[in-house]
Amino acid sequence: MDFFKELFSKKKNNPREKIPVKKDYHENLDRIKEILAGTDDVVYREFKVGKQQKMHFATIFIDGLADKDLLNESVLKSLMLLSRMAELDLHSLREKVYEVIRDAALSVSDMREVEEINEAVDNILSGETLLIFDNWEKIVVIATKKWPSRGVTEPSTETVIRGAQEGFTETMRMNTALIRRRIRDPKLCIKQMQIGRRSKTDVAVIYIEEIVNKAVLKMVKERLDYIDIDNIMESGYIEQLIEDEWRSPFPQIQHSQRPDVVAAALYEGRVVILVDNTPFALIAPATITALLQSPEDYYERFFIASAIRLLRYFSLGTALLLPAIYIAITSYHPGMLPTSLALYVAGSRNNVPFPAFIEAFIMEGAIELLREAGIRLPAPIGATIGIVGGLVLGQAAVEAGIVSPLMVIVVALTAMAAYSTPSYSFAIAFRLLRFMLMAAAAFLGLYGVMLALLMILTHLCNLKSFGVPYLSPYAASSTTFNDFKDSFIKVSLRFMQKRPQYLHREDSTRLKKNPIEPAGEEDEDEQK
Amino acid sequence: MNRNNDVILSSQLAAILAITVVGVGILTLPKDVTEKAGPDGWILVLAGSFLALLAGLVMYMVVKKFPGKTFVQLSSTILGKPLGLLLSAVFFVYLTILTAYEVRAFGEITKQYLLFNTPLEVLIVTMLLGTAYTARSGIEPIARLSEILFPIVTLTAILIVLPIIPEVDLTHFLPVFRTPVSQLIKGVPTVFFSFIGIELILVFAGFVDRPQNIHQTVYLSVGLITFFYISIVVITVARFGLTETTHIIWPVLEIFKTVQFPGTFIENIEVFIMFIWIISIYMTTAVVYYGASLLLSEVIGSKEYNYFVLPLLPIVYFIALVPDNVAQLGDWMGQYANYGGTFFMAVVPLLMLFLSQLRKNKEAKKSG
């Protein structure tokens, strides 16, 4: 906890002094130029307005971040040309310039005013355009944000066969729109803030007012307010700064690139954190069930979804344990296997010069290398590496007698099992723990494996994500029977009337009325 | 640490107690019971369980009067400060030695069945380090662990027992009541002492969110343990017969050696029983270890119990290595269970109930 204290040492108020906007146009302009002295991508466009060209006006914006078309059409054109018809120089209007401009001259949909220079500068830097003019102690901010951005594309990290194919992008505004499209509820709250002393990254906390777990929401807000860091590059920064336990390999905040996953989490009462410049949204609290499910589970029929979920738990066990069990059995407990199989295993390992532990380490290390190389290499070469690394090396290693063929099968199965976990960050935690278990198996056989497993389980029982036990609903005092309907199996949607109880929310009803049964005639008779 | 707010449910306490009590007792129970009562061992188990239930209810009546109180606070209130502290210190020593014996028994059995060449010391130290990790994490994680592991242990045990059922011969038990009643009564304490661990109610009651529900904990845990004990006694005797059961050191492990799943991949099923047994003894050790360090911190008056977990480790380790061999260990454990069990499961709760009642009457008189 000291770590947190150090890190979140009381948030200092912005040390910058406040510079009020003066009435004098030139003074204001000079102040802004002074602050932005080193930035050559700022455009200052000064012009004069009115029949006698006596009023000084200036627009200030950053080239590339502001929408020039909008500026030309709706601001400059109307001020420079159209306002000439209005007698702005007239003494009677002189005091009301702002009202006239706001009500009659600027044909833009979104504008506001600020009274402080530094705040105005922040607005320039985020892509807005400033309009300053004579005799007015405020600065008009015109919303002109428009920058090059990627369109909505298919999320590459979380693919589904069935379900929405759109994913978040790097622009937060687009992401909130994607969420809003799925939740047309006035109670959907999007609270925005800026984090990062220098980067001033936009961060939005999103939740549904009547459903959200209030305790979690409070914790999320508190921890976000505590953050005092110079920049936020990606939501991973936020994740690491607000998670409960940093000494854990397990992710305590879920992340997703899919708006439907995020919307479903909001409907369950979780809190979502969106960060600008990254397509990955954070979902808190994360529980083990949430990390082991795919959105498809809810779209497919429940028999299939349940079977696949069981398969996932099984594959998690395989990914974690298989190499360790291989090491333990071959080096400590060969008597466990049926005699014929034991003889075969011994025979296949006959020419292998290494103990099982070294053999397994070589192969598991190789597959980790292959995986890493596969991610980093450009796509066309990636496939080649797969073939060279996987097929050629594996085959050659067996033929050279460095590893046994059984070991290759074990490694391949482990790799496949590890890939079937939907959450990448959860899967890599298990990748790491696998090596720990292999070491335990090498030293103490199956007893070592059990011991390490029990310690991992203790750690998992100990973990909480924003006050919610990580293993919910399997082991949490607030679990009810209802929560098991959506755990290692998933019952039909018809029976999932309640939202997860372990999140303790207010409005807990999900499904109010079951669909009409295709009524047999007997039923109707009974009703009569 | 404030991360865990240290509140458990009465059902979670039942899971903790059940998994703790079953740990060591189950291995030798069939042998002990058959030595004492022959074919009527199951009656003995029932009678002993009834006694344990009564003991549990007495503890419930004591802790109910002091909701949310730790053992030291509770005993200091009833017995006065010096005596209360002394009793807590004795309780701490008792739990420490219990931890040591359990770890030693674990080491002996693992060496005999799983890792023949690994030194006993290594087994004991690794087990202690693992359980220390669990003990350090606090009551809530321990409760969750028990909640997850208890069903796993139970289901696996039942699955493994299923193939034995065709081979059992229930005629070993017939006719019933062959043993004279006096001999039966003499045997009852043996069963009562295999409920060692239930006295932890006194220590953990302060964590339960609704102390008035602890009697449910008692019913539930004693019921589950009795079910376990009776089934294991019946199956062991029915499979091995009376004489064999008394002659094998660990009859329960031997019985699973005889299990053959037809046409399976794995040949020696006793490895699976070792799995679930490692789980249960791990939990037993962790819970008792936790209880010991919690009591120590309470006696000293420290708020953080987990500073005391690791310093206790070498002490437990040396105590564990004191017995020379398995036979001596078994002997000592039996004796220890007799004296310690009588004291903490029967004498202390009864005394406390009596004294607290007396005190209450006094106060009632004063105010009245």
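How far apart do the end C-alpha atoms of residues 432-457 of chain A lie, and what share of the span is helix? In this predicted model, the two ends are separated by 15 Å, and the span is 100% helix and 0% strand.

## Helix α18 and the annotated spans of chain A

The unreviewed UniProt entry lists residues 310-332, 377-396, 402-420 and 432-457 of chain A under "transmembrane region". Among these, residues 310-332 have end C-alpha atoms 30 Å apart, with 96% helix and 0% strand. For residues 432-457, the corresponding distance is 15 Å at 100% helix.

Helix α18 of chain A comprises residues 424-462. As a straight helix, its 39 residues would span 57 Å at 1.5 Å a residue, but the end C-alpha atoms of α18 are only 22 Å apart. A bend of about 140° is located in α18(A) at A:Leu444.

## Antiparallel strands of chain A

Strands β1 (residues 42-49) and β2 of chain A run antiparallel and are joined by eight bridges. A:Val43 faces A:Phe61 of β2(A) across this pairing. The two strands form a hairpin with five intervening residues, and A:Gly50 in its turn adopts a positive phi of about 105°.

Strand β2(A), residues 55-62, is also paired with β4(A), in the antiparallel sense and over four bridges. Within β4(A), A:Phe133 is the bridge partner of A:Phe57, and A:Leu131 is that of A:Thr59. A further antiparallel pairing, over three bridges, links β4(A) to strand β5 (residues 139-142) of chain A. Here A:Ile142 of β5(A) stands opposite A:Thr129. The β4(A)-β5(A) hairpin has five residues between its strands, and A:Asn135 takes a positive phi near 65°.

## Burial of strand β4

Why is strand β4 of chain A described as largely enclosed by the rest of the structure? Five of the five residues of β4(A), residues 129-133, are buried, so the strand is largely enclosed. In a regular strand, side chains alternate between the two faces of the sheet. Both faces of β4(A) are covered, with A:Thr129, A:Leu131 and A:Phe133 buried on one side and A:Leu130 and A:Ile132 buried on the other.

## Contact between chains A and B

The contact between the chains involves 27 residues of chain B and 24 residues of chain A. On the side of chain B that touches chain A, helices α5 (120-136), α6 (139-161) and α12 (270-300) each supply at least two residues. The residues on that side of chain B divide into 15 nonpolar, eight polar and four charged.

## Two loop residues of chain B

B:Ile198 occupies the loop between α7 (181-193) and α8 (201-204) of chain B. With 26 other C-beta atoms within 10 Å, B:Ile198 is buried, because 20 or more such atoms meet the criterion. Beyond its neighbours within four places in sequence, B:Ile198 is in contact with B:Leu17, B:Val21, B:Ala52, B:Ala55, B:Gly56 and B:Met345. The C-alpha atoms of B:Ile198 and B:Ile16 are 9.7 Å apart, although 182 residues separate them along the chain.

B:Asp169 is located in the loop between α6 and α7 of chain B. This residue is exposed, with 11 other C-beta atoms within 10 Å, because a count of 12 or fewer defines that class. B:Asp169 and B:Arg239 lie 70 residues apart in sequence, with 6.2 Å between their C-alpha atoms.

Terms used. Residues numbered from 1 in each chain as written. Chains lettered and ligands numbered in written order. Predicted model: local features only at pLDDT ≥ 70, side-chain atom pairs only at ≥ 80, totals over all residues. Expected span 1.5 Å × (residues − 1). Bend = angle between axes of the 7 residues up to and from the residue. Contact = placed C-beta atoms within 7 Å. Nonpolar A, V, L, I, M, F, W, Y, C, P; charged D, E, K, R; others polar. Pairing = 2+ DSSP bridges. UniProt positions renumbered as here; feature names shortened; annotations may be inferred.
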